[in-house]
Amino acid sequence: SSPSWSWFVIINHFAIKGLTFFLAAIIAAIFGARLKTTVDQLSSTRREFDRLALLHRQIFDSINTGILTIDGNQRITSANHASSSITGLRIGDMVGQTLGSILPDFDLTSISPRNACDFIRPNNERIRIGYAHAALQQPPAPAEEDDEQRGAEQDTTIITFKDIGEI
């Protein structure tokens with residue numbers, strides 16, 4: 001009776017180990033399939049995001065009206081090609097600078113929908129610029145950023161402007 005009991009223990013041992021191995025393999029296959037589906041969806045979403053970002057950039061740069069965005073610290077965060085053409089300044093020379101250092105006569109406290117001021121280009125040419133501004137509604141920033149930085153990034157203003165001497 002002892003040898004049959006030992007065979008039972010051995011078979012039981014292999015059955016448990018084999019069942020555990022196959023269960024682990026099935027679970028790994030399920031997770032692998034879900035991971036592949038997730039990766040495929042993420043890749044598709046990334047391609048769509050890249051396409052939309054390119055479209056946004058093309059529209060932003062194709063408009064013949066100058067567009068600037070500034071943060072809550074009055075720093076220029078983006079500029080389109082028309083803003084460069086109108087001011088005579090390179091985009092790289094504008095982004096990161098304060099609005100007052102680039103366009104000192106822009107008054108963002110005005111509630112008027114249309115404003116105008118004179119601007120002197122780097123070549124000393126004086127032009128008349130018409131402009132408007134509006135606060136952008138931004139989604140909340142991630143909680144890990146400090147409150148001061150998050151507040152400055154939340155307060156985004158968009159400014160559109162045009163050389164009204166051309167009109």
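The largest pocket in this predicted model is lined by His56, Arg57, Phe60, Thr69, Thr77, Ser78 and Leu136. Two elements, α1 and β2 (76–79), each give two or more residues to that lining. Helix α1 supplies the largest share, with three residues. For anyone thinking of placing probes on a grid, the volume of this largest pocket comes to about 150 Å³.

Helix α1 is a good place to continue, as the helix spans residues 2–62 and also holds Ile10. Ile10 joins Trp7, Ile11 and Phe14 in a nonpolar surface patch of about 480 Å². How accessible is Ile10 within this patch, in relative terms? The relative accessible area of Ile10 is 39%, so the residue is classed as partly exposed, the range for that class lying between the 20% limit for buried and the 50% limit for exposed. Since patch members need over 30% relative accessible area, the 39% of Ile10 is enough to pass that cut-off, which helps explain why Ile10 can take part.

Two loops deserve a friendly second look for their backbone angles. Gln74 sits in the loop that links β1 (66–70) to β2, and its phi is near 65 degrees, a positive value in a residue that is not glycine. The side of the scale on which Gln74 falls is again the middle one: its relative accessibility is 36%, and it therefore counts as partly exposed. Strand β2, which follows this loop, is one of the elements already met in the pocket lining.

The second case is Asn124, found in the loop between β3 (115–120) and β4 (126–135). Here too phi is positive, at about 70 degrees, although Asn124 is not a glycine. Is Asn124 buried or exposed? With a relative accessibility of 64%, Asn124 counts as exposed, because exposed residues are those over 50%.

These local features belong to a chain with five helices and five strands. In sequence order, the elements follow the pattern α-β-β-α-α-α-β-β-α-β, with α1 leading the series. Of the 167 residues, 23% count as buried. The chain exposes about 11,900 Å², and carbon and sulfur atoms supply 60% of that area. As for contacts along the chain, 44% of those between residues at least 6 apart in sequence join residues at least 24 apart.

Methods: Residues numbered from 1 in each chain as written. Predicted model: local features only at pLDDT ≥ 70, side-chain atom pairs only at ≥ 80, totals over all residues. Heavy atoms only, no water. Patch = residues over 30% accessible without salt bridge, like charges linked within 9 Å, V, L, I, M, F, W, Y side chains within 5 Å. Areas by Shrake-Rupley, 256 points an atom, 1.4 Å probe, with all protein chains shown as cover. Salt bridge = Lys/Arg side-chain N within 4 Å of Asp/Glu carboxyl O. Helix = DSSP H or I, 4+ residues; strand = E, 2+ residues; numbered from the N terminus. Buried < 20%, exposed > 50% of the residue type's maximum accessible area, 1.4 Å probe, protein only. Contact = heavy atoms within 4.5 Å. 1 Å grid on protein atoms, 1.4 Å probe; cavity = no way out; pocket = protein on both sides within 12 Å on 5 of 7 lines; lining within 4 Å. Points joined across faces, edges and corners; volume = space filled by probe spheres on them.
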